[in-house]
Amino acid sequence: MNELKTQVAVVGAGHAGIEAALAAARMGLDTVLFTLNLDSVANLPCNPSIGGSGKGHLVFELDALGGEMGRAADAVTLQSRTLNLGKGAAVHSKRVQADRAAYRLLMKQTLEREKNLRLFQGEVVALCTEREGDGYRVTGVRTALGECWEAERVILCTGTYLESAIFIGEGVYPSGPDGLMPAKGLSASLAALGLRMMRFKTGTPARVHRRSIDFSVLEEQPGESPITPFSVMTDREELNGREQIPCHIVYTNENTHRILRENMDRSAMYSGNIVGTGPRYCPSIETKIVRFADKERHQLFVEPCGKDTDEMYIQGFSTSMPTDVQRAMLKTLPGFENAEIMRYAYAIEYDLIDPTQLYPTLEFKTVAGLYGAGQFNGTSGYEEAAVQGLVAGINAALSLKGEPPMVLPRASSYIGTLIDDLVTKGTEEPYRIMTSRSEYRLLLRQDNADLRLSEIGHRVGLLSDERYERFLEKKQAIEREIERLTATVVPPSEAVNACLASMGSSPISTGARLSELLRRPEISYAGLAPIDEGRPSLAPEVLFTAEISVKYAGYIAREEADAERQRRLEDKLLPPDLDYASIRGLRLESAEKLAAIRPLNIGQASRISGVNPADISVLLIYLATRAQSDK
């Protein structure tokens, strides 16, 4: 056996690389996961949290497909909260504060124990390729020590390490996050293949010692109870039996803002040192001061990094200011007058690729067998990275098995929305998922992620038969409860109307179905209990999904109809070698955009910036004419 040979090589053991490697290995393929440092596997270099607005949806979807992040996050949860509870169920998003060290150790152990997976410390500096048609085919990777590993598929998950540099005020030096080594050389190898490279920037706040903070003047933020786990494999009782650690809230003030304004020219962001584009939705504190000059204060969250460490993370206080400015502005915060900095804040700049060079499978269009995932593709965040890694790992494995690829449409998931946005529209800044990015928010809720995606996870081989049977039982229980609520008629009575009045609802004078009552905005499933005598004892997750399905049935039906119309467009496939310039009636700009993106179908073509409805009509006519000609 050639030890330097594998079927799938994954470069980078961050959140994308972990999911890619586990997916490929669990689908039966020999896999090697390369990392710069075995002690930085699954590192959480920024906020040690998993989930959040829109991001929580991704973690539930990843778990439904058979990914690992949700199960690991549940195991190391310090605090759990569901965001946006004051809004509709479509935007409810779970977020947990995770134990940073415990998460890293658990994920490393999971990788080490996977039978088809080898975890290897080594820096990949170049790709090995051969010519194939007008492009290339990847044949392996070369490490900094000169070793050449043969690989049939390669997945690049380089995170923020690729030619990365750290910025603290006027200071600039090559480094990855947390003082780890940067990845050198691979960018040049990619550029030599004709791939378009980009450069982005992100950052992180200072870490402060717990003992130096006066928590008595901070606003406490407790966790929620009961906790709904990310993963269906998590023991709910055990999870809810743990004590949660509180987080805290503090606000900036005029003194904080004054110090920032006085030193703005010393910020790496505004001195001209940084050329990479930063994240719009997670800006540095100096960017907030400039962008929101009229705001008197900004909310910050003080969060623990773990149970066994006194490091505290100040979410919302990311900066690239010099160290003296960092110390000064930190001490203006109430409770931080004696703050003891353990790690300075910094900005980090790194290389990535233009994601429009990828198919929706995340394989490169011009380099067969090469896939990209995570921040390498232009996203920001652990969750966005993890789901891309899972998709890339699944598709690399499916291609080696000779099976059709897994392409998730927008109506199926936020994963599908994220990938479609990247490969169809591209991104000019670190891309972050948000619920507002989807046109099917009511269909793509957290609570029904398994209903949408478990069948796919089972089909590709990442969900066991036993787990799939459990899913089918849950699905049937939900369907039975919806049928019961629709069939059960409640006759008018004093007791019934008293129950309705207690919820602020009007009385009934004729019999009403429970489903009809539940559709009243003010009425809840729990509130109907006194008049719902035949109610079965069901699991909380079954009750919640049944209630939402009934309460929003009309709106859900409308979105499903929209999704079906879009699906019909997705079914109209475009030939991969189509010469758009030769199609009569197609505008020159549209032909150029279509030739660059190479959409797989009419649906994807319709979402390309610069392609208008008239162009889509021309393409539909062309396809119809071509089909008639073929007949």
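**Helices, a strand and some odd backbone spots**

Right, let's start at the end of a helix: just after α12 comes Gly461, and its phi is positive, near 100°. Keep in mind through all of this that we're looking at a predicted model.

So, α12 itself. This helix runs over residues 449-460, twelve residues in total. At 1.5 Å a residue you'd want a span of 16 Å, and the end C-alpha atoms sit 17 Å apart, which agrees. Which residues of α12 are buried? The list is Ala449, Asp450, Arg452, Leu453, Ser454, Ile456, Gly457 and Val460. Note that Asp450 and Arg452 are in there. And what covers the buried residues of α12? The cover includes α2 (55-65), α10 (382-401) and α13 (465-487).

Now along to α16, residues 540-551. This helix has twelve residues, and from its first C-alpha to its last it reaches 16 Å, close to the 16 Å you'd expect at 1.5 Å a residue. The buried residues here are Val542, Thr545, Ala546, Glu547, Ile548, Val550 and Lys551. They pack against α12, the helix we just left, and also against α13, α15 (514-518) and α17 (553-570). While you're turning the helices around on screen, one general reminder: an α-helix has 3.6 residues a turn, so residues three or four places apart point the same way.

Next, a helix pair. Take α7, residues 254-262, and α9, residues 323-330: their axes come within 9 Å and cross at roughly 165°. Since anything over 145 degrees counts as roughly antiparallel, that's what α7 is to α9. The handedness of the crossing, as α7 passes α9, is right-handed. Who's making the contact? On the α7 side you have Thr256, Ile259 and Leu260, and on the α9 side Val325, Ala328 and Met329. Sort the residues of that contact by character and you get five nonpolar, one polar and no charged.

Let's move to a strand residue, Ile341, in β18, which covers residues 341-343. Is Ile341 buried, exposed or partly exposed? With a relative accessibility of 23%, Ile341 counts as partly exposed; the buried cut-off is under 20%. Where it gets fun is the partner: Ile341 and Ala206 are 135 residues apart in sequence, but C-alpha to C-alpha they're 6.7 Å apart in space. If you ignore neighbours within four places in sequence, Ile341 is in contact with Ala206, Arg207, Gln326, Arg327 and Leu330.

Last stop, the backbone oddities in the loops. There's a cis peptide bond between Ser225 and Pro226, with omega about 0°. Pro226 is in the loop between β14 (219-221) and α6 (236-240).

Then we have two residues that aren't glycines but still have a positive phi. Glu163 is one, at about 50°. You'll find Glu163 in the loop that links β9 (148-156) and β10 (165-168), and at 21% relative accessibility it counts as partly exposed. Arg598 is another, with phi near 55°. Arg598 is in the loop between α18 (588-597) and α19 (602-606). With a relative accessible area of 27%, Arg598 is partly exposed too.

That's my tour. Happy to go back to any of these on the screen.

Notes. Residues are numbered from 1 along each chain as its sequence is written. This is a predicted model: local features need pLDDT of at least 70, side-chain atom pairs count only at pLDDT 80 or more; totals for chains, interfaces and linings use all residues. Side-chain values use heavy atoms; hydrogens and water are left out. Axes are lines fitted to C-alpha atoms, for helices over the stretch in contact, and angles run from 0 to 180 degrees between N-to-C directions. Helices (H or I, at least four residues) and strands (E, at least two) are DSSP runs, numbered from the N terminus. Angles under 35 degrees count as roughly parallel, over 145 as roughly antiparallel, 65 to 115 as roughly perpendicular and the rest as oblique. A crossing is left-handed if the near helix is turned anticlockwise from the far one by less than a right angle, and right-handed if clockwise. Contact means heavy atoms within 4.5 Å. Ala, Val, Leu, Ile, Met, Phe, Trp, Tyr, Cys and Pro count as nonpolar, Asp, Glu, Lys and Arg as charged, and the others, Gly among them, as polar. The expected span of a helix is 1.5 Å times one less than its number of residues. Buried means under 20% relative accessible area, exposed over 50%, partly exposed in between (1.4 Å probe, protein chains only).
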